[in-house]
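Please find below a colleague's note for someone meeting this structure for the first time. The points are meant to be read with the sequence and the model side by side.

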Amino acid sequence: DQLNVHVNHLNRSVKELTNKTTSQIIADRILQESKILLRHSAWNVSEIAFALGFKEVTHFNNFFKKHVNTSPLKFRNLLGV
């Protein structure tokens with residue numbers, strides 16, 4: 001609405017320019033931010049999940065594990081944080 005562009009047009013334009021769907025771009029950005037927070041913050045996983053807009057910690061855990069093939073906590077532990 002704020003861009004004053006129909007969602008279908010926006011999706012097509014993004015796909016043409018990036019070869020990624022808008023959902024993929026959003027997921028990539030959320031993953032990037034979650035990895036940064038897991039590395040550099042003292043927040044626990046639930047605080048990170050809620051900060052990133054997840055209403056349930058389990059949804060964040062499932063999302064992260066789907067894309068990274070490990071849980072957020074294991075990811076953090078592998079980093080030695």
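1. A turn residue to begin with: Asn19 counts as exposed because its relative accessibility is 63%, where exposed means over 50% relative accessible area, buried under 20% and partly exposed in between, with a 1.4 Å probe and protein chains only. Asn19 sits in the loop between α1 (7-18) and α2, helices here being DSSP runs of H or I with at least four residues, numbered from the N terminus. Although Asn19 is not a glycine, its phi is positive, at about 60 degrees. Most residues other than glycine have a negative phi.

2. On the basis of these statements: this is a predicted model, in which local features need pLDDT of at least 70 and side-chain atom pairs count only at pLDDT 80 or more, while totals for chains, interfaces and linings use all residues. Residues are numbered from 1 along each chain as its sequence is written, and side-chain values use heavy atoms, with hydrogens and water left out.

3. Asn69 also deserves a look, since its phi is positive, near 65 degrees, in a residue other than glycine. Asn69 is placed in the loop between α4 and α5, and with a relative accessible area of 67% it is exposed. Just after α5, Gly80 takes a positive phi of about 75 degrees.

4. Which residues of α5 are buried? They are Pro72, Phe75 and Arg76, and, seen down the axis of α5, the buried residues fall within an arc of 95 degrees (taken from the directions from the helix axis to the C-beta atoms), so they line one face of the helix. On the other side of α5, Lys74 and Leu78 are exposed. The cover over the buried residues of α5 includes α2, α3 and α4, contact meaning heavy atoms within 4.5 Å.

5. Arg76, in helix α5 (residues 72-79), may catch a reviewer's eye. Arg76 is buried yet has no salt bridge, and Glu47, the nearest side chain of opposite charge, is 7.3 Å away; Lys and Arg count as positive and Asp and Glu as negative, with His and the chain ends not counted. The side chain of Arg76 does, however, reach the backbone oxygen of Ser41 at 3.1 Å.

6. On the nonpolar core, a set of buried Ala, Val, Leu, Ile, Met, Phe, Trp, Tyr and Cys residues joined through side-chain atoms within 4.5 Å: the largest has 13 residues, of which Leu38, Phe60 and Phe64 touch the most other members. Helices α2 (22-40), α3 (45-51) and α4 (57-68) each supply at least two residues of this core. Leaving aside residues up to four places away in sequence, Phe64 touches a set of residues including Leu31, Leu38, Asn69, Pro72 and Phe75.

7. How many salt bridges are there? The count comes to two, a salt bridge being a side-chain nitrogen of Lys or Arg within 4 Å of a carboxyl oxygen of Asp or Glu. Lys20 pairs with Asp28, with the closest N and O atoms 2.6 Å apart; Lys20 is partly exposed at 34% relative accessible area, and Asp28 is partly exposed at 36%. Glu33 pairs with Arg29, with the closest N and O atoms 3.2 Å apart, and both lie in helix α2, four residues apart, about one turn of the helix.

Technical notes: Polar contact = N/O pair within 3.5 Å; in protein donor to acceptor, adjacent residues only side chain to side chain.
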